Amino acid sequence: MMRAVTTRISKGDYSARLPMHRRDELGELADSINRMAFNLSRQDMMRQDFVSNVSHEIQSPLTSIGGFAEALRSDLLTREERDHYVGIIKQESSRLSRLSENLLKLASLDSNQTPFTPSSYRLDRQLRDVVLTFEPQWLAKRLTVELRMEETTIMADSDQLNQVWVILLANSMKFTPEEGMISFQLQEKNGYAVVRVTDTGIGISEEDRERIFERFYKADRSRDRSAGGSGLGLSIARKIVENHNGTIEAEASQGGASFVITLPVKAGHA
C-alpha cells in the first residue's frame, strides 16, 4: 500500500493518501507522507495559477500590439490615427517590459540571489528623496504629500528598500484622485522603524486586504488594467520587507489605503 501511494505521488498524483490506522512509527510515516502530498498539491496549484496569470498578462498586450500593428497597414489612416496606434503599441510594449522586469525581480528575490548589502543610513532622508523624485507626477494631479517623520537611522539594504517606497508611492499616486492627499509617517519604536503610508484614494476592502500581496492579485482588475498594473508590485515589496525580517500590512482605513511597514533598525536578513 505505501509503495503504491508513494509511486502515485512521484508521478504527480498528489491526491493519493495513506490510511491512518496505526499509532506507531509507520503511522507517523504515513502522516508525514500525507502532509507532504497535501503540500505538493498546494504548490502545484500555485504553479498552475502562476503560469495561467503570466500567460494572461502577456497575451493581453500582445493581442493589442498585433491588432494595432495590422491596422497600421491600412493606407486610409490619417496622421493622427497612425500616431495614436503607434502610441498604443509603445505603451503595450512598455507593459511587457515592466512585467518581464518584475518577474525577474521576484525570481531573484525568491532564490535569494539578489545581493543583500546593508549599510547605515537615514531612513527619513530616503523617504523624503523618493517623494521629491516623484514631485512632478503628484503635482500634475494636484496631490498634497504630507511628511511627518522622526530622524531615524537604519541598517538595511537602501537600494532594496528604495524599491518598496517607490512601489507604495506609485500605487498611492495611481489610485488617489486629483487634489487628494498622500501621507508618509515614520517613527522609531522599541528598536523598529515604523513607516505608515496612507492616501485618500478609494481604499481597499477587507477581502482584498487579505490577498493584496498575492502575485497578480488586483483589487480592481478593470481599473488596474487601464492603469497598466501587473499585480506584482506589492508582492515584490512584501518579499523585500520580509528579507529584512520586517512586516508589511494593509490596515483598515476609512476612505483610502493605509500600509504599515515595520523594520528592525539593526541589520536583519531572513
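This report describes the domains, one helix and two loop residues of a predicted model.

The model is a prediction in which local features need pLDDT of at least 70 and side-chain atom pairs count only at pLDDT 80 or more, while totals for chains, interfaces and linings use all residues. Residues are numbered from 1 along each chain as its sequence is written, and side-chain values use heavy atoms, with hydrogens and water left out.

The domain assignment, whose bounds come from an automatic or database source, gives domain 1 (1-114) and domain 2 (119-264). The centres of domain 1 and domain 2, taken over C-alpha atoms, are separated by 26 Å.

Helices (DSSP runs of H or I, at least four residues) and strands (runs of E, at least two) are numbered from the N terminus. Helix α6 covers residues 158-175, and because 18 residues at 1.5 Å a residue should span 26 Å, the 26 Å between its end C-alpha atoms agrees with expectation; the expected span is 1.5 Å times one less than the number of residues. At the N-terminal end of α6, Asp157 acts as a cap, with a side-chain oxygen 3.2 Å from the backbone nitrogen of Asp159. Buried residues (under 20% relative accessible area, with exposed over 50% and partly exposed in between, using a 1.4 Å probe and protein chains only) of α6 include Leu161, Trp165, Leu168 and Phe175.

Two loop residues other than glycine have positive phi values.

| Residue | Phi | Loop | Relative accessibility |
|---|---|---|---|
| Glu179 | near 65° | between α6 and β4 (181-189) | 59%, exposed |
| Asn190 | near 50° | between β4 and β5 (192-199) | 79%, exposed |

Technical notes:
Polar contact = N/O pair within 3.5 Å; in protein donor to acceptor, adjacent residues only side chain to side chain.
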